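This briefing is for a reader who is new to the structure shown here. The topic is the ligand and the protein residues around it.

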Amino acid sequence: MVSQDFSKNLFPLALVLLLLLFSSAEAHVTYGFYNDTCPHAEAIVIREMAKVMAKSPRLAGPLLRMHFVDCFVAGCEASILLNSTEKYVAEKDAPLNIGLRGFDVIDAIKVKLEKTCPGIVSCADIIAMVARDSVFLSQGPYYEIPLGRRDGNRSLASDTLGNLPPPDSNITLLKAFFTKRNMTVKDMVVLSGSHTIGISHCLSFSDRLYNFTGKGDMDPTLDKKYATMLKSLCKPHDLMSAVDMDPGSSGRFDLRYYKLVSKRKGLFVSDAALLHDSETKAYVERQAKAKTAEEFFHDFAVSMINMGKIGVLTHQKGVIRKNCAFVN
Ligand code: HEM
């Protein structure tokens with residue numbers, strides 16, 4: 001009687017253990033993932049990226065940002081690359097993804113990889129490698145990344161809402177967006193350092209200049225001289241001019257972002273908000289004064305690797321898309 005009950009209970013227990021083992025294996029990306037199946041994958045990506053950057057260094061910004069906006073919306077599964085269809089507006093066409101570009105770079109790299117190793121390298125991994133190489137080729141750190149992501153089949157503009165932090169986010173909201181993704185407050189302040197490269201459209205911060213509280217006023221926390229300079233670049237109602245986020249050094253991945261934020265010259269409300277929390281403020285101030293970028297570069301690599309694990313599809317989940325812009 002007892003032994004019968006025991007064997008009855010053992011089967012579901014074994015099943016649960018097996019499922020647990022399986023699901024934890026599924027959630028992982030690994031180092032050297034393409035060593036056997038496509039050993040030159042990373043070399044091909046960086047070679048193509050070096051050519052792209054030699055011609056168009058300004059693509060580093062959007063190509064780094066692409067990994068962030070992909071991972072924060074439904075995980076790092078390349079949903080950001082899918083085109084809109086007659087039925088659906090895709091993520092890439094969502095208002096919060098304004099300014100995102102460089103999709104053709106990813107598509108061209110995919111074509112090269114398909115020629116060398118057909119059906120092996122996912123679009124999601126290409127985004128991760130391209131983001132890493134964009135940073136390295138902008139004089140930032142180089143770091144190994146785990147790979148093995150697979151691609152999803154869904155992309156909806158509406159999924160960006162509630163998942164991508166808008167530029168007018170305050171510190172409470174910012175923290176909520178990151179913790180929802182199992183990212184720490186440190187990841188948040190470190191990865192915000194990405195705003196050391198690239199551009200923004202006036203739209204993303206013009207309320208800070210002309211209409212902060214709806215009364216035609218300016219954000220009082222913004223440095224006055226900096227605001228005057230920004231007003232000369234973004235006239236009232238000009239939403240689409242592009243402005244360097246780190247003027248004078250926006251092509252170089254360095255510590256200048258933290259220097260600017262510490263002097264109340266962060267471009268977005270979300271950048272300025274990093275001074276409204278003791279942990280993020282301490283990090284900004286330490287990096288603003290740092291003699292070398294060593295600590296930031298190390299932290300950046302760690303946080304990018306953390307971000308690159310959000311909601312990944314691996315093993316038998318997901319697909320390897322043939323063309324990054326279309327489902328198979
Ligand atoms: C903390 C919350 C964040 C907010 C609210 C935010 C918001 C924005 C906005 C509004 C833009 C400008 C879009 C435009 O007007 O063209 C931008 C640009 C950019 N963001 Fe962020 N971002 C955040 C975090 C991140 C993270 C985590 C990364 C990378 C890991 C990143 C990388 C970039 C880069 C590189 C650009 C420049 C893009 C270009 O040159 O076109 N951002 N971000």
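**Ligand site briefing**

The iron atom of the ligand has one donor from the protein, the NE2 atom of H195, at 2.1 Å. H195 is found in the loop that lies between α7 and β1. The model is predicted, and the points below describe where the ligand sits and what surrounds it.

**Location**
- The largest pocket is where the ligand sits.
- Five elements each give two or more residues to the shell around the ligand: α3 (60-72), α6 (171-180), α7 (185-192), β1 (199-201) and α13 (294-307).
- The element that gives the most to this shell is α3, with 5 residues.
- Domain 1 (41-160) and domain 2 (171-306) each supply at least three residues to the shell around the ligand.

**Surrounding residues**
- The ligand is surrounded by 28 residues, and the closest are R101, H195, I199, H201 and S204.
- By type, the shell around the ligand has 16 nonpolar, 10 polar and 2 charged residues.

**Polar contacts with ligand oxygen atoms**
- In the side chain of H201, an N or O atom is 2.7 Å from an oxygen atom of the ligand.
- S204 has a polar side-chain atom 2.8 Å from an oxygen atom of the ligand.
- For S200, a polar side-chain atom lies 3.4 Å from an oxygen atom of the ligand.

Key: Residues numbered from 1 in each chain as written. Predicted model: local features only at pLDDT ≥ 70, side-chain atom pairs only at ≥ 80, totals over all residues. Heavy atoms only, no water. Near = heavy atom within 4 Å. Polar contact = N/O pair within 3.5 Å; in protein donor to acceptor, adjacent residues only side chain to side chain. 1 Å grid on protein atoms, 1.4 Å probe; cavity = no way out; pocket = protein on both sides within 12 Å on 5 of 7 lines; lining within 4 Å. Sits in = over half its atoms within 2 Å of the grid points. Helix = DSSP H or I, 4+ residues; strand = E, 2+ residues; numbered from the N terminus. Nonpolar A, V, L, I, M, F, W, Y, C, P; charged D, E, K, R; others polar. Domains from an automatic or database assignment. Donors = N, O, S within 2.8 Å, 3.2 Å for Na, K, Ca; no water.
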